[in-house]
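Hi,

Here's the structure I said I'd pass along. Have a look, and my notes on the charged pairs follow underneath.

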Amino acid sequence: MENRYCIVRCENAGVFAGIVKERNGREVTLTDCRRLWYWEGAASCSQLAVDGTKNPKNCKFTVAVPEMIVLDAIEIIPCTQDAEKSIRGVSIWKI
């Protein structure tokens, strides 16, 4: 999974999309990472990783963080090129 754009679902921290820099057990270092706080247009993280979102205007994806470590990863799903393009194309949700 290293150096691939993936969706990482965490037990307590939520769902993230970014490039997996490295993994050590449940600790995952991500670069160019966005928290996927809310989405429409995909039924699950799996569909989001394969198809992207069909409803990008109703998604709430945060700004990209250059690098972050998540400590409780329970699922890492590689994204297709179409899904990566879709996720990256969602407007930044911020206040």
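**Salt bridges**

Arginine 88 comes out as partly exposed, at 36% relative accessibility. Keep in mind that this is a predicted model. The partner of arginine 88 is aspartate 32, and their salt bridge has its closest N and O atoms 2.4 Å apart. Since arginine 88 sits in helix H2 (residues 81-89) and aspartate 32 in strand S3 (residues 27-38), the pair ties together parts that are 56 residues apart in sequence. Aspartate 32 is partly exposed too, at 28%. There's a bit more going on here: Glu84 joins Asp32 and Arg88 in a network of salt bridges.

How many salt bridges does the structure hold? Five. Here are two others worth a look.

One is between the side chains of arginine 9 and glutamate 75, at 2.7 Å, N to O. Arginine 9 belongs to strand S1 (residues 5-10) and glutamate 75 to strand S6 (residues 73-78), so this contact ties together parts 66 residues apart in sequence. Buried or exposed? Arginine 9 is partly exposed, with a relative accessible area of 33%, and glutamate 75 is also partly exposed, at 26%.

The other pairs the side chains of lysine 21 and glutamate 67, at 3.0 Å, N to O. That pair links distant parts of the chain, with lysine 21 in strand S2 (residues 15-24) and glutamate 67 in strand S5 (residues 65-70), 46 residues apart. Lysine 21 has a relative accessible area of 39%, which makes it partly exposed; glutamate 67 is partly exposed at 42%.

Cheers

Notes: Residues numbered from 1 in each chain as written. Predicted model: local features only at pLDDT ≥ 70, side-chain atom pairs only at ≥ 80, totals over all residues. Heavy atoms only, no water. Salt bridge = Lys/Arg side-chain N within 4 Å of Asp/Glu carboxyl O. Helix = DSSP H or I, 4+ residues; strand = E, 2+ residues; numbered from the N terminus. Buried < 20%, exposed > 50% of the residue type's maximum accessible area, 1.4 Å probe, protein only.
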